[in-house]
Every structure is written in C-alpha cells, then in structure tokens.
Number of protein chains: 2
Amino acid sequence: MDKILRVNMTDLTTKLETVPTEWAGLGGRGLTSTIVAAEVPADCHPLGPNNKLVFAPGLLTGTAAANSGRLSAGAKSPLTGGIKESNAGGTAAQMLARLGIKALIIEGLPKADKWYNLHVNKDGVTIQEETELLGKGNFAVIEDLEARLGKKTGVLTIGPAGELKMTAANISVKDPDSKIRSHGRGGLGAVMGSKKIKYISIDDAGAPGIKIADPEKFKVAARTFAKALLDHPVSGEGLPTYGTNVLVNILNEAGGLPTRNFTVGQFEAHDKISGETMHDTIVARGGKPKHGCHAGCIIQCSQVYNDKDGKYVTSGFEYETIWGLGADCCIDNLDDIARADNLMDDIGIDSIETAVMFGVAMEAGILPFGDSKEMLRLLTEEIGKGTPLGRILGGGAGSVGKAYGVTRVPVVKNQGIPAYDPRSVKGIGITYATSTMGADHTSGYTIATNILNVGGYVDPLKKDGQVELSRNLQIATAAVDSTGMCIFIAFPALDIPECLPALIDMINARFGINLTGDDVTNLGKHILKVEHQFNIEAGFTNKHDRLPEFFKTEPVAPHNAVWDFTDAEIDEFWNF
Amino acid sequence: MDKILRVNMTDLTTKLETVPTEWAGLGGRGLTSTIVAAEVPADCHPLGPNNKLVFAPGLLTGTAAANSGRLSAGAKSPLTGGIKESNAGGTAAQMLARLGIKALIIEGLPKADKWYNLHVNKDGVTIQEETELLGKGNFAVIEDLEARLGKKTGVLTIGPAGELKMTAANISVKDPDSKIRSHGRGGLGAVMGSKKIKYISIDDAGAPGIKIADPEKFKVAARTFAKALLDHPVSGEGLPTYGTNVLVNILNEAGGLPTRNFTVGQFEAHDKISGETMHDTIVARGGKPKHGCHAGCIIQCSQVYNDKDGKYVTSGFEYETIWGLGADCCIDNLDDIARADNLMDDIGIDSIETAVMFGVAMEAGILPFGDSKEMLRLLTEEIGKGTPLGRILGGGAGSVGKAYGVTRVPVVKNQGIPAYDPRSVKGIGITYATSTMGADHTSGYTIATNILNVGGYVDPLKKDGQVELSRNLQIATAAVDSTGMCIFIAFPALDIPECLPALIDMINARFGINLTGDDVTNLGKHILKVEHQFNIEAGFTNKHDRLPEFFKTEPVAPHNAVWDFTDAEIDEFWNF
C-alpha cells in the first residue's frame with residue numbers, strides 16, 4: 001500500500017499517512033506541485049517554517065519501464081520566489097518507489113541550532129542529530145554513508161552551498177556508480193539547508209516492490225516503448241555517443257550558442273569543447289562515453305570523463321554546463337570545465353545557474369572572461385567556503401547582477417537562462433518567459449523542433465508557431481515529469497507513433513486504469529495551471545513572463561536577431 | 001519663463017524645453033512621478049539606458065513661504081523596482097527654482113567608460129568629463145567645488161556608494177552650512193552612478209527669480225502659514241528643541257521602538273540615545289540644537305552634533321538613523337552613531353536602509369548586536385571601499401537577507417522598514433504595506449495620529465480606522481510633497497484650521513489660480529494613482545502590499561501585538 005511519509009522538523013516527529021484519494025493518480029512533478037500548492041502558503045518565506053520540501057518518484061518509477069527512474073523534488077523556490085519542481089536521476093527514486101513511498105514531505109524548521117539527517121527504510125523515516133558530516137562535500141558524504149550503511153544505500157544530500165542556504169544550492173542524489181546527479185535548479189538545496197537536514201539515507205531492504213495490475217500488457221508496452229527509444233536517432237544514437245554535449249556544434253552552427261555572456265551566438269573555440277571532441281578525449285583516456293544516471297536507462301547520455309592520467313574527473317557532464325563555462329565564459333579548456341563540474345557537484349551548487357552566473361561575474365569584472373583558473377579558485381575558495389564574495393556568487397546570476405549593478409543579466413524570474421539564445425531560437429524564448437519554473441529549457445524543450453527537426457520543424461528565427469510549440473511541449477513535459485520518465489523520451493514520443501501510446505499503456509497496466517492521450521494532456525494542463533496559480537498568489541503577473549530588456553535591444557550575431565515578441569503575443573501562451 | 005532642462009548622457013547633449021501644458025500645474029513629487037511614469041518604461045532595468053533621473057523643486061520652492069525648499073528626485077528605483085520619489089532639503093531646490101527650472105531630466109547612459117559632471121546656470125546645463133573627484137566622499141566633493149566655484153555653489157553629488165551602484169546609495173545635497181542632506185531612499189544614487197554623473201553643480205547668478213502673481217495675497221497667507229508652524233507644539237517646540245530624535249522616548253514608551261532587529265518594542269538603553277540626552281549633549285559640547293536644512297526653514301529640526309572636544313561630527317542627525325543603529329542594533333553609544341551618520345553622508349548611503357540592514361546583518365552573525373566599532377569598520381572598510389561584503393551590505397536589508405538566508409528581514413518591496421513597529425503602531429503598518437515607495441514612514445505618517453495625538457487620535461493597537469488614516473495621510477502627503485514643503489508642516493496642517501487654507505492661498509497667489517482644498521486632495525489622489533499604475537506595470541500586485549511573514553507570526557513585547565490585518569482589509573486602501 002503506497003504511503004506518504006511526513007517529517008516535521010519543528011517538533012522532530014514523523015508520520016506515515018495513507019495517500020489521499022486526490023493524490024492517488026499523481027506522481028513526480030504532478031504530485032510535488034500539487035502538495036506544494038495545497039500545503040505551502042504562496043506568500044511564505046522560502047527558507048522559513050512554512051515552506052515544505054517534497055520528494056516524489058514518478059508514476060512508473062520502480063517498474064521495469066526504460067528510463068523511468070527520475071525523482072521530483074518540489075518546494076517554494078528561494079531563487080525564483082515561485083513554485084519549483086526539479087527532477088533528477090540517481091538511485092533514490094526507485095528505492096523510494098519500491099518502498100511504496102509516494103511522497104516524502106518535510107516541513108517546519110528545527111527550534112534548536114542543531115543539524116539532522118533522515119533515514120528512510122521499510123518501516124518509515126527516522127530523524128537523527130547530525131554532527132560529523134557537517135561542512136563536508138557531497139562526495140565525502142556519499143563515501144561515508146556507503147562505508148557505514150553499505151554500498152547500496154540511497155543518498156540525498158546537500159553540500160556546503162546548501163548548508164549556507166545559497167539560492168543556487170542543489171540537492172545531490174547518489175547514482176548507481178556512487179557519483180552525483182542533481183535536483184539542480186531553483187535552490188532546493190537551500191530549502192533542505194534551512195530545515196537543517198544534511199542528508200537523507202535510504203535503505204530499501206524488505207521493500208514490498210511495485211505491483212503491476214496487468215503484467216502482460218505492461219511487458220508488451222515496455223518493449224514497444226524501449227524499442228522507440230533505441231530507434232530514434234537522437235535518443236538511440238546522438239545522445240548515447242556524444243552525450244547532451246552533442247549540442248555544442250549544433251547550436252554553434254545555428255548561431256544560438258550564447259557566448260561571452262550572451263553577446264554573440266557563436267563561440268570561436270566551439271570545437272575544443274564540443275561533444276565530438278569530448279567523446280574522443282573520453283575514449284582516448286579510458287573513460288566511459290556511455291553511462292546511465294539510473295538503473296534501466298537505455299539512453300546512457302552520461303559518461304565518465306577522466307583526466308590526462310586516466311583518473312576520474314566527472315560524470316553527468318552536460319551540455320548546459322559545458323556551454324555555460326565554455327562559450328558563455330569563453331573558456332576553451334574542457335579539462336578545466338570538467339574539474340569545475342566535479343567541484344560544483346561536491347559543493348552542491350547548480351551547474352547551470354553557476355555557469356550563467358560566471359558569465360555575469362565576468363561582465364562585472366570580478367574575473368576576466370576565459371580565466372578558468374580564477375573560476376576554479378572562486379568555486380573552491382569563495383563559494384565553497386561561503387566568503388562574502390562566495391555568497392554573492394552562490395546566489396546565482398541575478399545576485400551578482402544586483403551586487404555589481406550589471407544590466408545584462410540573463411535571467412527570468414531570477415533564474416539563469418541556459419544554453420540557447422532566445423533571440424535566435426525563438427521557441428525556447430517563449431518557454432523561458434512563460435515557464436512556471438523561471439528560465440528552464442527542460443520545461444518545454446523547443447530545441448527539438450526548432451533545431452533538431454524532431455516533431456516537425458518550426459523556423460527558429462521566425463515568431464510563427466513558437467507560442468503554440470512551447471505550449472504543447474510545456475503541457476506534455478509537465479505530464480512526462482509526472483511519470484518518472486527522463487525528458488529525452490520526448491524525442492521518440494514526438495516522432496515515433498507507437499511511443500506515446502506505449503507510455504500510456506504502461507501507466508494503465510501499472511495501475512489497472514484506462515487513461516487516454518487526452519487524459520494525459522489534461523494532466524499536463526492541470527499541473528501547469530496549479531503551478532501558475534501558486535505563482536500568481538506569490539505575486540507573479542504576466543509582467544514576469546518576460547525576457548530581460550537587453551534581449552529586445554541588442555541584436556545577436558550571426559543572425560542579428562532580437563527578441564521581438566510583443567507582450568500580447570507572449571501572453572497567448574496561457575490561453576488553454 | 002519656466003523650463004525643462006533635459007540631459008542626454010548617451011550622446012552627451014542637452015536641451016532646454018518649454019514646459020508642456022500638462023506639467024504646468026505640477027511640482028516636486030507630482031512632477032517627478034508624472035515624468036517618470038510618462039517617459040520611463042516600467043519594465044526597464046533601473047540602471048540601464050531607459051531609466052531617467054528627474055529633479056524637480058516644489059510649486060512653492062524659491063518663494064518666501066516658510067519651509068518650502070525641498071527638492072524631489074525621481075526615477076525607477078533599483079532598490080524596489082518600482083517608482084521612486086525621494087525629497088531632500090539643501091540649497092539646490094531654491095537655486096533651481098529661482099533659475100526657472102521646473103525639472104532637470106537626465107536620460108541615457110554614456111557610451112564611453114568615462115565619468116561626467118553637470119553644471120547648471122542661467123544659460124542651461126553643460127556636461128563636462130570628470131576625473132578628479134572620482135572615488136571621493138561627498139564632503140570632499142563639496143569642499144572642492146566650493147573652492148573652485150565659490151561658497152554659494154549648489155551641489156548634488158554621489159559618494160563611493162553611488163559610483164558603485166549600490167542599491168542603498170543616496171544623492172547628497174549641500175545644505176546652507178556646506179553639510180549634507182540626502183535624497184535618501186530607494187537607491188537613486190545608483191541611478192545617478194549608472195549615468196556616470198559624479199556631481200551636479202549649480203550657479204544661480206543672474207537667475208530670473210520667482211514671479212508671484214498676487215504678492216499681497218501671498219504675503220498674508222505666508223504669514224498665517226508661518227504662524228501656524230510656530231504655534232503647533234510639535235513643529236514649534238518639540239522638533240526645534242530635540243529634533244526628530246524626540247521620538248526615541250515617545251516610541252519606547254509606546255512600545256513601538258523596534259529593537260534587536262524587530263524582536264521587541266522597547267530598548268533598555270533608550271535614555272542613552274534619546275532626543276533629550278542628545279539635546280543636553282549638544283548644548284554641553286557647544287553644538288547647535290537648532291539648524292535648518294534650507295533657507296526659510298522655521299522649524300529647525302536639524303542640529304550640529306559635536307564630539308567631546310567640541311569638534312563637528314554630524315548634522316541632520318535624525319530619529320530614524322538613531323533608532324536604527326541604536327535600538328535596532330542595540331548600540332547605546334550616541335557618539336558612535338553620530339560618527340556613523342557622518343560616514344554614511346560621506347559614503348553616500350541611505351542611513352535608514354543602512355541602519356535596518358545592520359540589524360539584519362547582526363541577526364545573520366556578520367557582526368554582534370551592539371558592536372559599534374565593527375559597524376564603523378564595515379562602513380569605512382567594506383561599504384566605503386566596495387569590497388564584496390561591502391556590496392552585500394550596500395544593497396540594503398533585503399540584500400543581506402538574501403545573501404545570508406535570513407528570514408526575519410523587515411522590508412516591504414525590498415525597502416527597509418523604519419523606526420516604528422507596525423505591529424504596535426498599526427496605522428504605519430498600512431502605510432508601509434501600501435506605499436508606492438516601499439516601506440516609507442514619510443509617505444503617510446500615521447505616527448502623528450497614532451502616537452502624537454495630532455489630527456485626532458486613532459488607537460495604535462487596534463485595526464479600526466487605520467486604513468482610512470493611512471489613506472488620507474498618503475493622499476495629503478503626495479500633494480504636500482509637490483509643493484516643496486517639508487513634511488512637518490503636516491502637524492499644524494492637521495490641527496490648526498488656518499494652516500492648510502493658507503498653504504493653498506500661497507499656491508494660488510504664486511500662480512494666479514484658484515485651487516480649492518478638493519483640488520489639492522484630487523492632486524494627491526492622482527499622484528498616488530499614477531505611481532500605483534507604474535508599479536503595476538513594473539510587475540507589482542496587491543501581493544506586494546504586504547508586510548513580511550514574521551510580523552504576522554511573532555508577537556512583539558510589550559503589547560504582544562502581531563500584524564493582524566487580513567489581505568482584504570489592506571487592499572481596502574486603494575478604494576479611492
């Protein structure tokens with residue numbers, strides 16, 4: 001029987017609750033957003049006693065469905081001030097799902113000035129005082145917990161950034177190789193830090209596991225679904241070979257690779273940081289070009305990146321991070337970027353927000369463009385140690401912009417704009433502007449259709465069709481984010497007719513229900529509306545569904561494109 | 001003939017314009033807010049090329065009317081993100097008025113990385129490159145300009161804080177004794193800094209002066225008005241004797257003196273920082289207990305505060321500053337507070353925002369409560385020098401709260417809450433919540449009626465009548481702020497029947513018009529609505545007309561009062 005675990009940090013009590021009927025059909029983002037909207041006052045301080053941190057595996061998580069192992073984390077975001085869902089791979093989602101835990105809700109703030117850890121197992125959740133691992137990086141936490149609790153222990157942890165309540169702090173999730181995946185965006189690590197929880201360990205021994213209502217139907221659908229993933233050129237070939245970093249050269253070619261804090265759309269040294277170069281480097285150094293963030297992943301877009309001596313540096317080394325520290329900061333040294341990626345994992349800070357932030361910090365003159373040594377020093381010595389400068393940087397791009405009076409700050413709702421210039425890839429600009437999450441490429445990844453010709457083609461330089469494209473993708477993504485599926489299943493879902501029905505069949509077979517495609521679309525719409533309403537109650541209006549001023553006034557080479565949507569055109573997004 | 005001076009910093013040109021008909025009846029706040037609303041896109045970056053900095057003397061400024069020498073400065077605020085008007089004494093207002101300058105509008109941003117100064121005289125305004133005085137404190141700027149341009153030169157200047165575009169930076173105005181008055185609130189110094197203008201010097205030689213349409217009527221009204229000011233116990237006796245700092249003991253007695261970052265409403269050491277103690281100290285040390293911020297002031301609430309050796313320390317030493325560094329930071333040494341006041345004038349940073357900020361910084365653990373030595377060091381070595389910590393502190397209370405994850409941050413619309421606890425003086429809470437300026441006691445000073453029994457009495461601990469009180473005062477204040485009058489004329493205006501008609505008579509006699517009391521009220525309403533509409537377009541909603549969460553949940557001693565207005569009750573404010 002699925003259950004809700006509730007942890008109250010104010011009186012240090014825990015509760016095991018039955019799942020309310022209205023939450024029964026929800027999982028992942030659908031569930032975290034529903035709980036946050038229902039239980040968190042929209043006007044509360046994100047780091048105060050009234051915010052709640054919610055973890056929820058997806059509807060299919062824990063089953064044999066390919067790529068279904070994502071965990072959603074939700075709260076009111078200290079970065080944006082709005083609702084936040086951020087999902088990650090790693091082992092925790094499947095362990096929680098097998099334990100029958102539909103959601104873990106953490107509320108309140110400790111009265112005493114003490115830190116704690118949580119331990120989840122088949123009997124529920126317990127709270128212990130924590131002293132030993134305070135101040136430690138995430139890798140040390142994982143190492144220590146594996147030594148004490150066994151190699152298989154699940155771990156959700158925050159690094160120094162989260163302890164310091166930096167608004168770019170993330171929550172790290174141990175992956176199958178004891179490396180790190182992240183609930184990266186929106187400062188959820190600061191929320192966990194405000195509740196003074198250093199880590200959550202998970203033991204799924206004796207877990208009841210997942211009951212499938214119609215195992216035969218499930219098996220057939222799962223096979224069709226997996227085949228679609230493997231058959232699609234992006235999920236079956238591009239991503240497994242080059243990782244997400246396949247996009248550097250593609251975006252550079254498209255003139256949409258934001259460079260030098262979004263002043264131009266192409267990076268001269270793109271070849272030095274491209275997915276192709278990275279692949280060859282990995283292979284030459286004995287790393288792994290393919291690697292999954294969770295059991296059951298058949299895309300394997302992650303990798304193991306080694307240094308010259310064949311020593312491990314990082315994994316989960318994503319395009320957005322490489323773009324940000326690379327093109328946007330004009331750093332052409334992939335080894336330094338990899339080292340930074342590892343440091344960010346260890347410190348526990350969002351690598352997208354931090355990369356965008358460094359671009360702004362360079363424009364502010366805090367360090368020169370291209371200075372990777374100083375960038376690494378700032379990560380370890382300032383952000384990692386929580387110096388005053390580290391706190392400014394750890395607050396993300398908006399924080400640096402405010403502290404240094406910078407006007408060219410690429411953020412929406414105070415969240416850094418990732419990796420795709422909205423002037424020359426206009427669909428993603430609509431997503432950045434309107435997403436309930438702040439600037440978030442994953443919330444409606446129009447790059448698929450604007451650039452990769454997936455799901456048809458919408459000219460990235462024209463306004464026509466972009467609002468509709470972003471709307472359809474945002475609706476679909478909200479639903480997909482509720483299943484526990486990786487967002488990359490969208491590629492086959494958009495192109496291969498059998499894929500989406502197979503996904504729905506798996507859900508139906510899992511729960512013994514009869515959802516239609518329309519039901520799934522309606523779920524996506526419902527989630528967006530719940531999130532939007534929360535944001536309205538938190539003080540957001542359509543005036544916040546806007547890109548920063550400079551995108552409207554500064555043409556970006558090579559297309560000399562500007563952001564030219566009228567307010568009324570953007571506001572069309574919410575007409576559904 | 002009155003004129004508008006327009007300075008374009010982008011192409012370094014100036015223009016002399018005739019006054020548009022619709023601006024003819026406006027002055028001070030009415031004019032700055034009208035110009036900002038008409039010409040500044042509400043969604044622009046406050047430090048970007050599309051913001052404008054507007055100075056306007058009041059309708060009566062430059063005449064012989066008592067206390068009419070205030071200058072309004074307006075822009076989109078980099079602190080609040082909304083519209084801002086901040087008015088100050090000093091000599092500039094009367095000089096501009098006598099020169100027939102109805103408004104000085106500064107727009108654009110220089111293309112080159114150079115700094116400039118402006119010089120205003122009877123022929124208009126000129127732009128010169130500035131190198132010598134960069135980085136200098138405001139006192140050095142005034143000294144240098146007086147040496148070069150003569151003792152009578154008018155000066156508007158920014159200190160290091162404004163050059164660094166800190167969002168708590170103010171604009172300093174030279175007063176008749178070459179000391180400093182400030183356009184304190186909302187970070188207007190950062191706007192001037194963004195336009196790379198270090199100072200504006202004014203020479204009124206050959207000024208046409210003010211033409212009074214009906215000199216005899218003006219004279220009679222001016223006499224009646226001045227008599228009312230002198231007859232009222234607050235403006236005629238309390239303020240001249242003790243300055244605004246007369247309020248320390250009064251608010252302490254009322255339990256509304258926010259202490260230790262708003263945790264209690266009374267300060268044990270109130271006697272050490274009170275107006276009475278200050279008065280005796282000033283007299284004993286050969287300072288001046290009375291001092292005017294501009295020629296024609298007959299209230300003389302300022303003072304000259306000397307140190308033990310009789311050496312000048314500061315003037316314009318206000319209650320809100322002394323409350324903030326005193327009670328709110330638990331500093332009981334008036335000499336240290338005076339020294340800080342002088343430093344803030346020199347650095348060019350708002351003494352209210354900075355005082356509130358220090359309370360939050362102490363709660364964050366940046367320095368201990370009561371540590372005045374460290375407070376002085378932070379002002380000179382960190383804020384004054386623009387170190388990373390200085391930039392966090394120079395961003396005001398909200399900035400420190402964000403960087404250090406503090407939840408008890410007394411701000412509304414990101415502007416620090418001054419000097420009067422809204423839980424135990426509820427009328428002022430309505431003003432803080434609803435003011436278009438962010439938390440601003442001067443925008444609707446209900447303390448008059450809640451505490452000082454001026455204009456009747458409304459029990460400060462009850463909700464009844466507070467919204468109406470705040471509404472009436474905010475409407476009246478918006479009108480008064482347009483006349484160039486000091487806000488303290490409100491005391492006699494509320495109690496002495498002849499006062500307000502005399503004020504209106506002066507305006508009518510000055511311009512040869514026939515305004516009624518209703519016209520003046522309608523002007524106040526109109527100004528508030530123009531400002532409110534700007535804020536709505538900038539993204540504010542009624543959700544921003546709220547006090548921080550902790551006022552609702554933490555009862556404050558001695559009355560154990562909480563902020564208990566419902567949202568709907570607060571929103572009643574805008575029903576006019």
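Here are some questions and answers about a predicted model with chains A and B.

Q: How many helices and strands are there in chain A?
A: Let's start with the overall picture of one copy. The C-alpha trace of chain A spans about 60 × 50 × 50 Å along its principal axes. As for secondary structure, the tally for chain A is 24 helices and 17 strands.

Q: What share of the 576 residues in chain A is buried?
A: Take the contacts before the burial. Among contacts in chain A with a separation of 6 or more, 70% are between residues 24 or more positions apart. Counting a residue as buried when it has under 20% relative accessible area, the buried share of the 576 residues in chain A is 65%.

Q: Which C-alpha in chain A is nearest the axis that relates the two copies?
A: Chain A lands on chain B after a rotation of 180° with 0.0 Å of shift along the axis, at an RMSD of 0.0 Å. The copies are therefore related as by a two-fold rotation axis. At 2.9 Å from that axis, the nearest C-alpha in chain A belongs to Pro388(A).

Q: What percentage of the contact residues of chain A recur in chain B?
A: Each side brings its own set to the contact: 25 residues from chain A and 25 residues from chain B. The same surface serves both copies, and the recurring share is 100%.

Q: Which residues in chain A lose the most area to chain B?
A: Between chain A and chain B, about 2300 Å² is buried, and carbon and sulfur atoms give 54% of that. On the chain A side, three residues together make up 23% of what that side buries. They are Arg391(A), Thr407(A) and Glu549(A).

Q: Which residue of chain B meets Asp43(A) in a salt bridge?
A: The count between chain A and chain B is 2 salt bridges. One of the pairs involves the side chain of Asp43(A), with an N to O distance of 3.3 Å. That fits the cut-off of 4 Å, and the partner is Lys552(B).

Q: How many disulfides are there over all chains?
A: The rule asks for two cysteine sulfur atoms within 2.5 Å. For Cys293(B), the closest cysteine sulfur is in Cys297(B) at 5.8 Å, so a bond is ruled out by distance. Cys499(B) is in no disulfide either, with the nearest cysteine sulfur, in Cys486(B), 11 Å away. Over all chains, the count is 0.

Q: Is Cys499(B) buried or exposed?
A: The cut-off for buried is under 20% relative accessible area. Cys293(B) meets that with 9%. At 1% relative accessibility, Cys499(B) also counts as buried.

Q: Which residue in β8(A) stands opposite Asn117(A)?
A: Strand β7 of chain A (residues 115–121) pairs with strand β8 of chain A (residues 124–130) over 7 bridges, in the antiparallel sense. The hairpin that joins β7(A) to β8(A) does it through 2 residues. Opposite Asn117(A) you'll find Gln128(A).

Q: How far apart are the C-alpha atoms of Val234(A) and Ala448(A)?
A: Val234(A) is in helix α7 of chain A, residues 233–242, and counts as buried at 17% relative accessibility. Beyond its neighbours within four places in sequence, Val234(A) is in contact with Leu239(A), Pro240(A), Val454(A) and Phe491(A). Val234(A) and Ala448(A) are 214 residues apart along the chain, yet their C-alpha atoms are separated by 9.6 Å.

Terms used: Residues are numbered from 1 along each chain as its sequence is written. Chains are lettered from A and ligands numbered from 1 in the order in which they are written. This is a predicted model: local features need pLDDT of at least 70, side-chain atom pairs count only at pLDDT 80 or more; totals for chains, interfaces and linings use all residues. Side-chain values use heavy atoms; hydrogens and water are left out. Copies are superposed by least squares on the C-alpha atoms of residues with pLDDT of at least 70 in both. Contact means heavy atoms within 4.5 Å. Two strands pair if DSSP finds at least two bridges between them. Helices (H or I, at least four residues) and strands (E, at least two) are DSSP runs, numbered from the N terminus. Buried means under 20% relative accessible area, exposed over 50%, partly exposed in between (1.4 Å probe, protein chains only). Buried area is the accessible area (1.4 Å probe) that two parts lose on being put together, summed over both.
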